[in-house]
Each structure stands twice: as structure tokens, then as C-alpha cells.
Amino acid sequence: IRVPRDPEAMTRLALILSLVAAFACSGSAFVPKAPTPALSREVKLHGWLDKAFANEEISTPDRTASGLSGGPPKPSVEVTICGKKTQAIPGQRMRDLVTSARAPIKFDCGDGKCGTCESLVNGRKTRLCKFAVPKKGPVKIERLR
């Protein structure tokens with residue numbers, strides 16, 4: 001270490017060294033503190049919105065709601081897209097199903113005009129951008145081009 005000869009620089013160096021020594025000697029300077037337990041909080045009431053959901057039972061969720069387990073099972077159709085088997089809901093857009101399966105089928109216009117998405121669905125030529133999953137399966141989709 002090169003020692004500066006300037007008195008001002010010597011003062012700065014002494015201050016830095018004393019700070020380093022102070023932190024190094026006190027063991028608690030760099031040790032993380034344990035988290036404090038969360039205190040019980042009371043909800044503050046503000047007036048007009050306090051009783052907005054008073055008639056709702058929030059502790060028990062509605063199991064028939066969409067996306068929650070335990071609800072009635074939705075009908076599904078087995079769809080095979082270029083060899084990949086998936087499950088689909090009747091009426092679901094075939095374009096969404098094909099893109100989620102990462103099948104090598106392109107979609108350009110989305111209106112059924114260009115024909116780039118034309119594929120074989122159960123042996124028939126169909127433009128997938130305008131096609132929905134039928135109510136009964138199984139459905140087999142093969143790439144035409």
C-alpha cells in the first residue's frame with residue numbers, strides 16, 4: 001500500500017481504517033438480524049365500504065367456480081395434433097390448441113382466406129383458424145403442407 005504524504009489524504013485514510021476496524025471488531029455489524037414476528041394487525045374501518053362484503057362467506061370458496069379443484073368435471077375431447085396427444089374443451093378455438101401444442105402449423109391471416117393453416121382434420125381438409133373443437137372426439141390433425 002502506498003502511503004500518501006498529503007495531510008488531508010492521511011486524515012481520510014485514517015478515517016477509513018478506523019471505520020473498517022470498528023466494523024470488524026463489532027461482531028453484529030455484518031450479521032443479518034432475525035426477522036421479527038408479525039404483529040397481529042387490526043383492520044381499520046373507513047366508513048362507506050366497511051360492510052360491502054358483509055353477506056359474503058370468504059372462508060369457504062365456491063368449489064364449482066371455474067379453475068378451482070373439486071368442481072364438476074368439464075367435458076373434454078382427445079385431440080392428436082401432429083402426433084402430440086392433448087385434451088381440449090368442446091368449442092375451444094383450434095388455433096389456440098395448435099399453438100399451445102407447438103405444432104408446425106402456420107397461421108397468417110386468421111380469417112381463413114390465405115389457406116396457410118389448412119390441415120387434415122380426421123381426413124378432411126380444414127382451415128384451422130376458423131375451426132373449433134367438436135363436441136365428440138377423438139380428433140386427429142395432420143399437417144397438409
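Which strand does Ile141 lie in? The answer is strand β5, and we'll come back to this residue after a look around. Keep in mind that what you see is a predicted model.

**The whole chain**

Let's start with the big picture. The protein chain has two helices and five strands. Walk along the sequence and you meet them in the pattern α-β-β-α-β-β-β. The chain counts 145 residues, and 17% of them are buried. Its accessible surface comes to about 12,300 Å², with 57% of that belonging to carbon and sulfur atoms. As for contacts with a separation of 6 or more, 32% of them link residues 24 or more positions apart.

**Strand β1 and its partners**

Now zoom in on strand β1, which covers residues 77-81. Is it enclosed or open? Four of its five residues are buried, so β1 is largely enclosed by the rest of the structure.

β1 pairs with two strands that we can follow here. With strand β2 (residues 84-88), the pairing is antiparallel and runs over five bridges. Find Ile81 and you'll see Lys84 of β2 standing opposite. Together β1 and β2 make a hairpin with two residues between them. Cys82 sits in that turn and has a positive phi of about 50°.

With strand β5 (residues 139-143), β1 runs parallel, and three bridges join the two. Here Val79 stands opposite Val139 in β5.

**Two buried residues**

Val77 is found in strand β1, while Ile141 lies in strand β5. Here are some numbers for the pair:

| Residue | Relative accessible area | C-alpha to C-alpha distance | Separation in sequence |
|---|---|---|---|
| Val77 | 2% | 5.2 Å to Ala88 | eleven residues |
| Ile141 | 1% | 6.1 Å to Cys82 | 59 residues |

Why do we call Ile141 buried? Buried means under 20% relative accessible area, and Ile141 has 1%, so it counts as buried. Val77 is buried too, because its relative accessible area is 2%.

Who are their neighbours? Leaving out residues up to four places away in sequence, Ile141 touches several residues, including Val79, Thr80, Ile81 and the turn residue Cys82. Met94, Ile105 and Leu128 are also among its contacts. That Cys82 contact ties in with the table: Ile141 and Cys82 are 59 residues apart in sequence, yet 6.1 Å apart in space, C-alpha to C-alpha.

With the same residues left out, the contacts of Val77 include Thr86, Gln87 and Ala88. Val77 also touches Pro90, Val133, Pro134 and Val139, among others.

Conventions. Residues numbered from 1 in each chain as written. Predicted model: local features only at pLDDT ≥ 70, side-chain atom pairs only at ≥ 80, totals over all residues. Heavy atoms only, no water. Buried < 20%, exposed > 50% of the residue type's maximum accessible area, 1.4 Å probe, protein only. Pairing = 2+ DSSP bridges. Contact = heavy atoms within 4.5 Å. Areas by Shrake-Rupley, 256 points an atom, 1.4 Å probe, with all protein chains shown as cover.
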